[in-house]
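Please open the structure in a viewer and keep the sequence panel at hand. The tour proceeds by selections, each followed by an account of what is to be found there.

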Amino acid sequence: SLLPLYWTVIAASRTNAEITRTPPPLTPGANLIPNIRQAASQVDMVKALVNSVIVSGSIALGTVLFCTLAGFAFAKLKFRGSTVLLIIVLATMMVPSQLGIIPLFMLIAKLHWVNHLQAVILPTLVSAFGVFLMRQYLSQALPDELIDAAVVDGASTFRIFRSIVIPIARPAMAVLGMLTFLMAWNDFFWPIIALTSQNPTVQVALNSLGNGYVHDQSVIMAGTLIGTIPVLIVFALLGKQIVGGI
């Protein structure tokens, strides 16, 4: 697990000629700061990092909230057509996301959202996988008797969700939030279509690094190293909850 990260550090701190020689270097070099400066001169890495934090954080929070609400409804609330609706939600997992790219781009173009962050955030604020995950977790972890007792005490559905469901669902919410944050941070296909190099996320910015007749892999890896650090920080903060939830 650590070897790819270690090689990223090596490649980011060497020159392009050094990392392509045989045998390759196995220790970090002295070119890390120059490579980072060169990467920062080619693209606005600070803006890309800020945009990725906003996009990934918003998508993760929205997905956790909406999927927990939907999972609670499907798991514990009885309403007409719930089974059919759940099947429809799960069926969307079998449709390749690429099929919806053209109509989705036409929609954001009509809304004048091209090259704006909301074009990347709003279409992915909820996922069928997240709904299914929370539904399965709450079906087992949330006793019906606890909900019945809260109803007898006069608690509203929102009060039940806030005071009972969220504390019980916290481990699964942490797992879903982490997975969603990682997927949003690493997403390249839709952001490269909806955004430009003037307002990029990290993945869009990395696409613009090291261009030329010969790609400068050391500069690309320096930018990749910068883009990896926030993900490591998130995992360090949520690692215990993720392991416990799994």
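Is Ser208 buried, partly exposed or exposed? Ser208 is partly exposed, since its relative accessible area is 25%. The model in view is a predicted one.

**Stop 1: the surroundings of Ser208**

Select Ser208, which is situated in the loop between helix H12 (202–206) and helix H13 (217–245). Next add Val43 to the selection; the two residues are 165 residues apart in sequence, yet their C-alpha atoms are 7.0 Å apart in space. When neighbours within four places in sequence are set aside, the contacts of Ser208 are Gln42, Val43 and Ser197.

**Stop 2: the whole protein**

Now zoom out and colour by secondary structure. The protein contains 13 helices and 0 strands. Its C-alpha atoms occupy a box of roughly 70 × 45 × 30 Å along the principal axes. Of its 246 residues, 38% count as buried. Among contacts between residues at least 6 apart in sequence, 72% join residues at least 24 apart.

**Stop 3: helices H4 and H8**

Select residues 45–76, which form helix H4, and residues 128–141, which form helix H8. At what angle do H4 and H8 pack? The angle is about 50 degrees, and the axes are 7 Å apart. H4 is therefore oblique to H8. The crossing of these two helices is right-handed.

To view the contact itself, display the side chains on both helices. On the H4 side, the participants are Cys67, Thr68, Ala70, Gly71, Phe72, Phe74, Ala75 and Lys76. Facing them in H8 are Gly130, Val131, Met134, Arg135, Leu138 and Ser139. By class, the residues of the contact of H4 with H8 comprise 8 nonpolar, 4 polar and 2 charged.

**Stop 4: helix H5 against H8**

Keep H8 displayed and add helix H5, residues 82–91. The axes of H5 and H8 come within 8 Å and cross at roughly 130 degrees. These two helices are therefore oblique to each other, and H5 passes H8 in a left-handed crossing. Which residues make this contact? From H5 come Leu86, Val89 and Leu90, while H8 supplies Ala128, Val131, Phe132 and Arg135. The contact of H5 with H8 has 6 nonpolar residues, no polar ones and 1 charged residue.

Val131 and Arg135 merit highlighting at this point. Both belong to the contact of H8 with H4, and both also take part in the contact with H5.

**Stop 5: the salt bridges**

How many salt bridges does a search of the whole structure find? The search finds 2. Side chains of opposite charge can pair when their charged atoms come close.

Return to Lys76 in H4 and select Asp144 with it. Their side chains meet in a salt bridge, with an N to O distance of 2.8 Å. Lys76 lies in helix H4 and Asp144 in helix H9 (residues 144–152), so the pair ties together parts that are 68 residues apart in sequence. Lys76 is buried, at a relative accessible area of 16%, whereas Asp144 is partly exposed, at 41%.

Then select Arg14 and Glu18. These residues form a salt bridge in which the closest N and O atoms are 4.0 Å apart. Glu18 is partly exposed, with a relative accessible area of 25%, while Arg14 counts as buried at 11%.

**Stop 6: backbone geometry**

The final selections concern the backbone. Most residues other than glycine have a negative phi, and most peptide bonds are trans.

Select Thr22 and Pro23, which are joined by a cis peptide bond with omega about -5 degrees. Pro23 is located in the loop between helix H2 (16–19) and helix H3 (32–42).

Move next to the loop between helix H6 (101–110) and helix H7 (118–121), where His112 is placed. The phi of His112 is positive, near 60 degrees, although the residue is not glycine. His112 is exposed, with a relative accessible area of 65%. Asn115 also lies in the loop between H6 and H7. Its phi is likewise positive, at about 70 degrees, and Asn115 is not a glycine either. Is Asn115 buried, partly exposed or exposed? Asn115 is partly exposed, with a relative accessible area of 22%.

Methods:
Residues numbered from 1 in each chain as written. Predicted model: local features only at pLDDT ≥ 70, side-chain atom pairs only at ≥ 80, totals over all residues. Heavy atoms only, no water. Axes fitted to C-alpha atoms, helices over the stretch in contact; angles between N-to-C directions. Helix = DSSP H or I, 4+ residues; strand = E, 2+ residues; numbered from the N terminus. Parallel < 35°, antiparallel > 145°, perpendicular 65-115°, else oblique. Left-handed = near helix turned anticlockwise from the far one by under 90°. Contact = heavy atoms within 4.5 Å. Nonpolar A, V, L, I, M, F, W, Y, C, P; charged D, E, K, R; others polar. Buried < 20%, exposed > 50% of the residue type's maximum accessible area, 1.4 Å probe, protein only.
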